[in-house]
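Biologist: Hello! Could you walk me through this structure, one piece at a time?

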Amino acid sequence: MYRYDEFDHQFVRERTNQFRDQTERRLSGALTEDEFRPLRLMNGLYLQLHAYMLRVAIPYGTLSGRQMRQLAWIAGKWDKGYGHFTTRQNIQYNWIKLEDAPDILDALADVEMHAIQTSGNCIRNVTTDHWAGAAADEIADPRPVGELLRQWSSLHPEFSFLPRKFKIAVTGAPHDRAAVKVHDIGLRLHKNEAGAAGWEVIVGGGLGRTPMVGVTVRDFLPQHELIGYLEAIMRVYNLHGRRDNKYKARIKILVHEIGAERFKAEVEAEYARRPHPATDVEERELARIAAYFAPPAFEKLPRWSASFEEAKLHSPDFARWAKNNLGPHRVDGYAIVNISLKPEGGIPGDATAGQMRVMADLAERHGNDELRVSHAQNIVLPHVRKDDLFTVWQALAEAGLAAANHGLAGDIIACPGLDYCALATARSIPVAQSISRKFADSKKQDEIGKLKINISGCINACGHHHVGHIGILGLDKKGEEFYQITLGGSSAENASIGTILGPGFAGHEVADAIETILDTYLKHREAGEEFLATYRRLGPRPFKEALYATA
Amino acid sequence: MTTPEKGQLVTANRLRDGIAVFLTRGGAWSETIDEAVLAQEPQAAAALEARAREDERKTIVTGSYLVEAERLDGRVRAAHIRERMRALGPTVRLDLGKQAEGKGAGFAASEGE
């Protein structure tokens, strides 16, 4: 199980004490807002529409039952009884008081958690595949490398004042569930013919106002060279990245402006200058870190579980949930449980303190004490025995957590939008709710099949709309909300940026427009063809015609 | 029908808890937008801003700014949806925020669409 090391304990406590002092100085007037703002942001504290918002880091989305229970306790004691799981595998609290923030950070530190590097122009907390360590298709658990990068990048003086924020994602599986091609740096593990593992290094992807798919600068980087090579990338970026214009400061703009080839040459030149032995990752160190992610002691079980099969026969609801919400586990007799935080008409990613406790209990009782937050704003129990699935499902259903829509039309990603966020230009959540209600019929969702609908309430794209199969972007048109629809995006290994279909819609028109798009898909699809494949085969034309024909 | 009184009000977030507040005629900060004072002249608006900046220095509030609004039958409605949202709470959680505490504005956030 992932845990801090002794350095983390000390430095998180020190940071919390520093922040307590900084907060006191702010409240007494010794610090101005301009002086205090960067300090609170470095500790994940934003000022939003209704109150302060605290973003808590959950490295790799990995949590123990105890940590999840502490998140629930914080939600009850200092917030309004709930939290919002985000597309960065974190949790945000929406109703935080500044005067309470130091106590909350202390409560987080009690369970080895913090809010460091969830904001600011630094290397943000590293994200990974939420099925890491469990997925059947995985070459290796990517989290030890994520942790190595976290330890290297945490408070790294050279990379604490970058031109702009910097996000790294890592996947150890060929099917990319971590969106590595749309991160500043994406790392993807490959195995060569000799059976050795190496990392593909992808740079310059990103969403926001200038969405781009990253370019591969190394196909197969040996693991021990990771830190040295990434340092070379960071140095090139730190030196050449634009600081004159916030909107052109991300590494993707640099890669785009000078071109992938020149960027690559700059990195290689910088890397050649590095004293390699000083930055090589020692096997011993990697082994030490990897031990934190040691897999649980799996039982030797048959692949086939009689009780699981029987439960499916007796309960069609369970069978449907099992079909949609389970992922293939690498160990026989186990399954990955995806808990959808997207009930019909609900707020994507929100969970009450009570629901968090139920999930914590289930993880402890049936899930080897592990939970994950996915970037799709769901919760994962990565290691559950098939024999226990029916029991787990019953407990989830009782807590309103058994929505059987994982990966379907109802499993919508949505940022908080104008309902909470100070940057938003339009609301996201009500649009997600109206689409969710429109496709409440589970048969219809099953018929449509795999689909990613992603909604952002502003151009910053926290809702990943560019890489939704269907993307929705909320904008402000003369003080009123309107929504642009894009089609054909993907954050998987075949990543692509969606294209705008045509003129935008008012909020109340969006769900109907999505229905028209999906009806068009159903009419044109070939047998077994998913939405994205149909779109890629046909292009936007039939969808455009259906959507704007009557206009 | 009465004519609405148009003008600008000053809003900010209370420093200690971040709650959205509105400057009143008496120079206090209210959580209720209806209690905000509306400035109809540029000089009056500048005076409100100056008062708000003074309260920022006194660490009462932070991030003050002017907002277009109108008063009709004693209820104040901000021109922009963002500000109506701040005066109410999230539209997706009517059980939370000012709207749930009897401090909400008299207009729905999405009104005017």
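**Helices, sheets and a shared face**

Modeller: Happily: the axes of helix 15 (residues 429–438) of chain A and helix 17 (residues 510–524) of chain A come within 8 Å and cross at roughly 45°. This is a predicted model, where local features need pLDDT of at least 70, side-chain atom pairs count only at pLDDT 80 or more, and totals for chains, interfaces and linings use all residues. Residues are numbered from 1 along each chain as its sequence is written, while chains are lettered from A and ligands numbered from 1 in the order in which they are written.

Biologist: How are helix 15 of chain A and helix 17 of chain A oriented to each other?

Modeller: Axes here are lines fitted to C-alpha atoms, for helices over the stretch in contact, and angles run from 0 to 180 degrees between N-to-C directions. Angles under 35 degrees count as roughly parallel, over 145 as roughly antiparallel, 65 to 115 as roughly perpendicular and the rest as oblique. The two axes cross at roughly 45°, so helix 15 of chain A and helix 17 of chain A are oblique.

Biologist: Which residues of helix 17 of chain A meet helix 15 of chain A?

Modeller: Contact means that the C-beta atoms of two residues, placed from the backbone, lie within 7 Å. Helix 15 of chain A brings Val431(A), Ser434(A), Ile435(A) and Lys438(A). Their counterparts in helix 17 of chain A are Val510(A), Ala511(A), Ile514(A) and Glu515(A).

Biologist: Which strands stand at the edges of the open sheet of 5 strands in chain A?

Modeller: Strands are DSSP runs of E with at least two residues, helices are runs of H or I with at least four, and both are numbered from the N terminus. Two strands pair if DSSP finds at least two bridges between them. The order in this sheet is 1-2-5-4-13, with antiparallel pairing. One side of each edge strand is left without a neighbour in the sheet, because each has a single partner strand: these are strand 1 (45–47) and strand 13 (350–352) of chain A.

Biologist: At what angle does helix 13 of chain A run to strand 13 of chain A?

Modeller: Helix 13 (residues 353–366) of chain A lies across strand 4 and strand 13 of chain A. Its direction relative to strand 13 of chain A is about 85°.

Biologist: Is helix 1 of chain A roughly parallel or antiparallel to helix 4 of chain A?

Modeller: Helix 1 (residues 6–28) of chain A and helix 4 of chain A have axes 9 Å apart and pack at an angle of about 170°. That angle makes the pair roughly antiparallel.

Biologist: Which helix supplies the largest share of the side of chain A that touches chain B?

Modeller: In total, 24 residues of chain A are in contact with 23 residues of chain B. Helix 15 and strand 19 (480–487) of chain A each supply at least two residues of that side of chain A. The largest share, 3 residues, comes from helix 15 of chain A.

Biologist: In chain B, which residue in the turn between strand 4 and strand 5 has a positive phi?

Modeller: Strand 4 (residues 61–72) and strand 5 (residues 75–78) of chain B pair in the antiparallel sense over 4 bridges, and Leu72(B) stands opposite Arg75(B). The two strands form a hairpin with 2 residues between them. The residue with a positive phi, about 50°, is Asp73(B).
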